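Trainee: I've got a model open and a few labels I'd like to see justified. Can we go through them one at a time?

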Amino acid sequence: QVQLAESGGGLVQAGGSLRLSCAVSGGTFSRVYVGWFRQAPGKEREFVAAISWSVISKYYADSVKGRFTISRDNAKNTVYLQMNSLKSEDTAVYYCAGRYGSTGAYDYWGQGTQVTVSS
């Protein structure tokens, strides 16, 4: 059973930066495909970024391209989301999720971490 735990959220001013971490336990981390999602109040959860187990493939939502960077450290079983040039519309609860295949639904989810960007 794969378990994920997010950390690093908080309050930041517009234009600032935050780095989220997703610690993964259980399973075989080096084979887990990890994604970040977010859900703002009153909105549906949306995809933010994803990274393959090999780190070769990275994917970003258009709304965060050029501002957010996803990375992973397989030695630390952790995936990171570096968020720069934050905007008020980035305010949301951020979740990391995992799956073993490169396609399909994410089977494992963290509890989420709140990111609030003040304008």
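Mentor: Sure. Keep in mind that this is a predicted model. Its secondary structure comes to 0 helices and 11 strands, so every element is a DSSP run of at least two residues in E.

Trainee: What makes the protein as compact as a globular protein of its length?

Mentor: Set two values side by side. The radius of gyration is 13 Å, and the globule rule gives 14 Å for 119 residues; those are close, so the label holds. The C-alpha trace spans about 40 × 25 × 25 Å along its principal axes.

Trainee: Why is the set of 29 residues called a nonpolar core?

Mentor: Because its members are buried residues of the nonpolar list, joined through side-chain atoms within 4.5 Å. Trp 36, Val 48, Phe 68, Val 79, Leu 81, Met 83 and Tyr 94 have the most contacts inside it. Seven strands, E3, E4, E5, E7, E8, E9 and E11, each supply at least two residues, with E3 giving the most, at 4.

Trainee: Which residues does Leu 81 touch, leaving out those up to four places away in sequence?

Mentor: Among them are Leu 18, Leu 20, Trp 36, Val 48, Phe 68, Ile 70 and Tyr 94. There's also a second, separate core of 5 residues, including Tyr 33, Ala 50, Ala 97 and Tyr 106.

Trainee: And how much of the protein is buried?

Mentor: Buried residues make up 43% of the 119, where buried means under 20% relative accessible area. As for the surface, about 6100 Å² is accessible, and 46% of that belongs to carbon and sulfur atoms.

Technical notes: Residues numbered from 1 in each chain as written. Predicted model: local features only at pLDDT ≥ 70, side-chain atom pairs only at ≥ 80, totals over all residues. Heavy atoms only, no water. Rg over C-alpha atoms; globule rule 2.2 N^0.38 Å. Buried < 20%, exposed > 50% of the residue type's maximum accessible area, 1.4 Å probe, protein only. Areas by Shrake-Rupley, 256 points an atom, 1.4 Å probe, with all protein chains shown as cover. Contact = heavy atoms within 4.5 Å.
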